[in-house]
Amino acid sequence: MQQKTKYYKIQFAVIMKDFFKFTLATICGIILLSVVSGILFMISIVGMIASESGSTKVEENSVFVIKLNGMVQERGMEDDPFTSLLNKNDMENMGLDDLVASIKKAKENDNIKGIYIEGGAAAFDAPATAQQLRDALADFKSSGKWIIAYADQYMQTSYYVVSVADSIFLNKTGMIDFRGLGGKNAYMTGLYEKIGVKYQATRVGKYKSAVESVTRKDMSEDDREQRTAYLQGIWQHMLKDMADSRKVKPEQLDQLASDSIIAFASTDDYMKAKLIDGVMYPDEIKKVVKGKLGIDDDDDEINQILLSDMLNVKSKKKEKGDKIAIYYAYGEIVDQMASGFSTNQSIVGSTTVEDLNELAEDDDVKAVVMRVNSPGGSAVASEQIWHAVQKLKEKKPVVVSMGGLAASGGYMISAGANYIFAEPTTITGSIGIFGLIPNLSGLVTDKLGVTFDGVTTNRYGDFEYKLMMDKENSEEIRNMQNYVDRGYETFLDIVAKGRVMKRDEVHEIAQGRVWLAVDALPIHLIDWIGSLDDAVKKAAELAKIEDEYYTSVYPDKRDWMDNLFGDDNKGTYLDGELRATLGDLYEPIMEMRLDQQRNCLQARFPYSVKMK
């Protein structure tokens with residue numbers, strides 16, 4: 001019996017040994033297979049990415065396809081290559097810089113015969129952004145090449161852009177939004193009264209209307225005056241451009257927007273008004289494009305080049321001669337990067353100062369063009385950037401090219417340049433300062449019953465509490481107003497010095513007043529109406545560059561890895577998903593959140609100018 005027991009134990013030990021041996025071998029095999037598969041997968045992805053990032057060859061008889069949907073802003077973000085590979089047609093975040101550069105390359109490439117613009121529901125971060133894209137398309141046409149546009153619907157600003165096309169087509173059940181500019185603003189004062197919150201505003205400048213949405217229940221006459229002036233100016237510019245292209249009179253288009261709701265009109269009405277050249281289904285537009293390319297109708301192949309492809313097409317321009325830096329400063333001016341989700345690109349004061357100081361010390365850079373597209377923001381950060389521009393200007397010429405918006409703090413950082421260009425529909429000026437602090441006593445004390453008591457060693461040791469929680473705070477408000485007044489005087493001095501004007505001359509046109517570029521020119525807020533290319537030419541002239549020169553863009557685009565893992569989540573997938581989920585609520589919600597992180601002294605444009 002003992003021998004049998006011993007035998008069974010030995011057999012059991014052998015079986016268990018074999019079990020663990022084979023199990024361990026299987027686990028090791030699975031791990032090894034996973035590692036090898038992962039390595040092979042990464043090698044494949046790297047190869048695909050390398051292929052994507054390589055130079056794109058343009059086939060003969062090609063058409064450049066622009067899908068005009070999504071948001072068009074000053075500068076494009078660097079895409080996640082994995083997303084680009086999986087969704088090559090995704091153009092939800094188009095950069096004006098990428099679009100204009102690609103259109104220029106398409107113009108000079110003999111293999112590209114024309115441009116096909118598809119879709120028309122794009123939004124633009126400013127009127128001048130749409131105008132610059134349209135100007136680039138008009139320049140493309142000057143080469144003798146054609147442009148065709150087709151969409152299921154055209155939003156108003158998208159229609160303005162595509163109106164430059166040789167032919168505009170619409171889906172048989174499509175619509176065109178054509179209504180003029182403007183709209184209603186939300187005034188929150190009545191709501192805050194109900195919950196016991198009162199906003200206390202300290203400002204300088206009767207036109208500085210940023211505070212009115214929380215301090216008034218309607219629009220002030222001063223704000224109405226400035227809004228009417230710049231909106232009428234932009235609308236008249238748009239009407240003239242569209243009328244010239246469509247061979248009608250501006251007055252006809254203007255009347256069209258007033259007679260009825262054009263979005264509800266029939267396609268026959270659009271044809272009669274000469275807004276479009278024809279109606280058809282998507283499959284029929286292919287025949288039109290094929291006809292332009294001289295392709296047999298039976299041949300389904302159309303050589304298409306997308307924006308993502310055009311970015312990798314080599315330009316004919318070579319880097320020869322002296323270097324001129326183009327420095328992009330766009331977005332709200334902030335003291336530090338906003339934490340968590342944020343709405344747009346920001347101009348971080350300390351980072352921008354560091355960048356400008358590096359450009360000042362770079363002997364290879366002979367001149368700097370600052371491309372400014374900003375509503376302003378922190379008055380403190382704006383002044384620091386202005387000071388850095390002054391130091392930069394001591395070593396080399398600085399020319400500013402204003403984009404869609406260069407107002408308030410955006411104007412402050414521009415004012416000290418050697419020369420200022422602006423687009424015809426650039427919004428600028430808004431030279432003023434404001435502070436805004438909520439008083440919560442009506443909510444916290446009167447409604448919720450919370451009371452406060454305590455001691456301080458000095459008279460103003462609890463001034464923040466008094467500003468926000470005490471109804472008897474007139475002295476603290478007066479001190480804050482003095483602070484804002486000094487900020488305004490500093491702003492006036494900066495503009496007077498930069499524009500070679502007297503303080504009172506600046507004050508007369510300042511007071512927070514917003515100006516359209518064509519109106520800012522005669523009052524000397526800018527030097528000329530011109531494009532970014534014009535600004536580069538002027539920089540070369542001021543730097544006395546007689547031979548060849550080339551441009552180099554700063555700062556580098558944000559790396560996709562930073563977009564994916566960066567602490568600020570700017571431009572990340574999550575931010576995009578949040579924007580898509582919230583829709584029109586995204587901007588106001590993010591605005592309220594950012595208000596908690598903003599400097600109390602603001603030189604900021606009073607409202608959004610995004611256009612659809």
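Me: Where does a positive phi of about 60 degrees turn up just after α8?

Reply: At Lys247, just after α8. Bear in mind that this is a predicted model. α11 offers another case: Gly294 follows that helix, and its phi is positive, near 75 degrees.

Me: Which residue has a positive phi of about 55 degrees although it is not a glycine?

Reply: Val500. Val500 sits in the loop between α18 (474-499) and α19 (503-509). Val500 is exposed, because its relative accessible area is 73%. His524 is another residue other than glycine with a positive phi, near 70 degrees. Its place is the loop between α20 (517-520) and β21 (528-529). At 33% relative accessibility, His524 counts as partly exposed.

Me: What is the omega of the peptide bond from Tyr554 to Pro555?

Reply: Omega is near -20 degrees, and the bond is cis. Pro555 lies in the loop between β22 (549-554) and α22 (560-565).

Me: How many helices and strands does the chain have?

Reply: There are 24 helices and 23 strands. The chain has 612 residues, and 47% of them count as buried. Now look at contacts with a separation of 6 or more: residues 24 or more positions apart account for 76% of them. The chain exposes about 31300 Å², with carbon and sulfur atoms supplying 53%.

Me: How do I read the span of α8? What should its 26 residues span at 1.5 Å a residue?

Reply: The general idea is to set the expected span beside the distance between the end C-alpha atoms. Helix α8 (residues 221-246) should span 38 Å, and its end C-alpha atoms are 36 Å apart, which agrees. Many side chains can then be placed by burial. Among the buried residues of α8 are Tyr230, Ile234, Trp235, Met238, Leu239 and Met242. The buried set also includes charged names such as Asp223, Arg227, Asp241 and Arg246.

Me: And α11: how far does it reach from its first C-alpha to its last?

Reply: Helix α11 (residues 282-293) reaches 17 Å with 12 residues, close to the 16 Å expected at 1.5 Å a residue.

Me: Which residues of α11 are buried?

Reply: Ile285, Val289, Lys290 and Leu293. They cover an arc of only 145 degrees around the axis, which puts them on the same side of α11. The face turned away from that buried side carries the exposed residues Lys287 and Gly291. What covers the buried residues includes β1 (62-67), β4 (112-118), β6 (146-154) and β7 (167-176).

Me: Is Gln131 buried or exposed?

Reply: Gln131 counts as buried, because its relative accessibility is 1%. Gln131 is found in helix α4 (residues 127-141). Leaving out residues up to four places away in sequence, Gln131 touches Tyr160, His237, Glu423, Pro424 and Thr425.

Me: Which residues make the nonpolar surface patch of about 220 Å²?

Reply: Met188, Leu191 and Ile195. Leu191 belongs to helix α6 (residues 189-195). Leu191 is partly exposed, with a relative accessible area of 44%.

Me: What is the idea behind a salt bridge?

Reply: Side chains of opposite charge can pair when their charged atoms come close. This structure holds 24 salt bridges. In one of them, Arg371 pairs with Glu74, the closest N and O atoms being 2.8 Å apart. Arg371 lies in strand β14 (residues 365-374) and Glu74 in the loop between β2 (71-73) and α2 (81-86), so the pair ties together parts that are 297 residues apart in sequence. Arg371 is buried, with a relative accessible area of 2%. Glu74 is buried too, with a relative accessible area of 2%.

Me: Which residues are linked with Arg371 in a network of salt bridges?

Reply: Glu74 and Glu423. Glu423 also appears among the residues that Gln131 touches.

Me: Which residue forms a salt bridge with Glu225?

Reply: Arg513, with the closest N and O atoms 3.4 Å apart. The pair links distant parts of the chain: Glu225 in helix α8 and Arg513 in the loop between α19 and β20 (514-516), 288 residues apart. Glu225 counts as partly exposed at 38% relative accessibility. Arg513 is buried, with a relative accessible area of 10%.

Me: What does Lys466 touch?

Reply: Asn439, Arg459, Asn473 and Glu476, not counting residues up to four places away in sequence. The side chains of Lys466 and Glu476 meet in a salt bridge (3.9 Å, N to O). Glu476 lies in helix α18 and Lys466 in helix α17, 10 residues apart. Glu476 is buried at a relative accessible area of 7%, whereas Lys466 is partly exposed at 23%.

Technical notes:
Residues are numbered from 1 along each chain as its sequence is written. This is a predicted model: local features need pLDDT of at least 70, side-chain atom pairs count only at pLDDT 80 or more; totals for chains, interfaces and linings use all residues. Side-chain values use heavy atoms; hydrogens and water are left out. Helices (H or I, at least four residues) and strands (E, at least two) are DSSP runs, numbered from the N terminus. Buried means under 20% relative accessible area, exposed over 50%, partly exposed in between (1.4 Å probe, protein chains only). Contact means heavy atoms within 4.5 Å. The expected span of a helix is 1.5 Å times one less than its number of residues. The arc is that of the directions from the helix axis to the C-beta atoms. Patches are made of residues with over 30% relative accessible area and no salt bridge: like charges are joined within 9 Å, nonpolar side chains (Val, Leu, Ile, Met, Phe, Trp, Tyr) within 5 Å. Accessible areas come from the Shrake-Rupley method with a 1.4 Å probe; for residues, only the protein chains shown count as cover. A salt bridge is a side-chain nitrogen of Lys or Arg within 4 Å of a carboxyl oxygen of Asp or Glu.
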